[in-house]
Amino acid sequence: MAEPARLTFHPDWGVEQDGVIRRGQRLEIVYSPARLTACRAGGKWAVTAHYFFAPFPELWFTAEWAGKDEQPSGYFPPKSFAVPPTATELTVWFVNTDAAGGVAYDSAFGVNYRFPVESPEA
């Protein structure tokens, strides 16, 4: 089985794609909590990845990481999921929330991050 494609969202706002996102294969998302630091009230906070695959935007999925430190460093553990066999594009954005009701977004300034999905390798 092929290694999963990986999307890494770095603390410097860079986004790195390693491998081709292919229908029917696995994809990993790696996220640095240093990208979103606005919501840390009471030390209880989370970052949630929201994503969907075209042509079915009504089928949203989420993957959540819980925060533990006020100013974390490094990366959250990867989240892995299957790419649907009919997908043509992945759209993803991130939301940081905290116990006090704070909300912050990482969404490429509201247009969200988009990645093409290719056919499986022959």
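User: What pattern does the protein follow when read along the sequence?

Analyst: In this predicted model, the order of elements is β-β-β-β-β-β-β-β-β. The count is 0 helices and 9 strands.

User: What makes the protein as compact as a globular protein of that length?

Analyst: The radius of gyration is 15 Å, and the globule rule gives 14 Å for 122 residues; the two are close, so the protein is as compact as a globular protein of that length. Taken along the principal axes, the box filled by the C-alpha atoms is roughly 50 × 30 × 20 Å. Of the 122 residues, 43% count as buried. The accessible surface is about 6,700 Å², with 55% of that belonging to carbon and sulfur atoms.

User: How many aromatic pairs does a search of the whole structure find?

Analyst: The search finds 12 aromatic pairs. One of them joins Tyr51 and Phe81, whose ring centres are 4.1 Å apart.

User: Why is the pair of Tyr51 and Phe81 called stacked?

Analyst: Pairing requires ring centres within 6.5 Å, and stacking requires planes under 30 degrees apart. For Tyr51 and Phe81 the values are 4.1 Å and 20 degrees, so the pair is stacked.

User: Which parts does the pair of Tyr51 and Phe81 tie together?

Analyst: Tyr51 belongs to strand S4 (residues 45-54) and Phe81 to strand S6 (residues 79-82), so the pair ties together parts that are 30 residues apart in sequence. Tyr51 and Phe81 are both buried.

User: What makes the pair of Phe53 and Phe81 edge-to-face?

Analyst: The label needs planes over 60 degrees apart, with centres within 6.5 Å. Phe53 and Phe81 have 65 degrees between their planes and 6.2 Å from centre to centre, and the pair is edge-to-face. This pair also links distant parts of the chain, with Phe53 in strand S4 and Phe81 in strand S6, 28 residues apart. Both Phe53 and Phe81 are buried.

User: Which residues form one aromatic cluster?

Analyst: The cluster consists of Phe9, Tyr31, Trp45, Trp65, Phe76, Phe94, Tyr113 and Phe115.

User: How do you know that Arg40 lies over the face of Trp45?

Analyst: The distance cut-off is 6 Å from CZ of Arg to the ring centre, together with an angle within 35 degrees of the ring normal. Arg40 lies over the face of Trp45 at 3.5 Å from the ring centre.

User: Is Val47 buried or exposed?

Analyst: Buried means under 20% relative accessible area. Val47 has 0%, so it is buried. Val47 lies in strand S4. Leaving aside neighbours within four places in sequence, the residues in contact with Val47 include Tyr31, Trp65, Phe76 and Phe94. Another contact of Val47 is Ala63, and the C-alpha atoms of Val47 and Ala63 are separated by 8.5 Å, at 16 residues apart along the chain.

User: How do you know that Tyr31 is buried?

Analyst: Against a limit of under 20%, Tyr31 has a relative accessible area of 0%, so it counts as buried. Tyr31 lies in strand S3 (residues 26-31). Not counting residues up to four places away in sequence, Tyr31 touches residues including Phe9, Leu36, Val47 and Asp106.

User: In which strand is confidence lowest, and in which is it highest?

Analyst: Mean pLDDT is lowest in strand S5 (residues 61-67), at 78, and highest in strand S2 (residues 15-18), at 98. The protein as a whole has a mean pLDDT of 88, and 91% of its residues reach 70 or more.

Conventions. Residues are numbered from 1 along each chain as its sequence is written. This is a predicted model: local features need pLDDT of at least 70, side-chain atom pairs count only at pLDDT 80 or more; totals for chains, interfaces and linings use all residues. Side-chain values use heavy atoms; hydrogens and water are left out. Rings of Phe, Tyr and Trp (its six-membered ring) pair if their centres lie within 6.5 Å; planes under 30 degrees apart count as stacked, over 60 as edge-to-face and the rest as tilted. Helices (H or I, at least four residues) and strands (E, at least two) are DSSP runs, numbered from the N terminus. Buried means under 20% relative accessible area, exposed over 50%, partly exposed in between (1.4 Å probe, protein chains only). pLDDT is the predictor's confidence in each residue, from 0 to 100. The radius of gyration is taken over C-alpha atoms; the globule rule is 2.2 Å times the number of residues to the power 0.38. Accessible areas come from the Shrake-Rupley method with a 1.4 Å probe; for residues, only the protein chains shown count as cover. Contact means heavy atoms within 4.5 Å.
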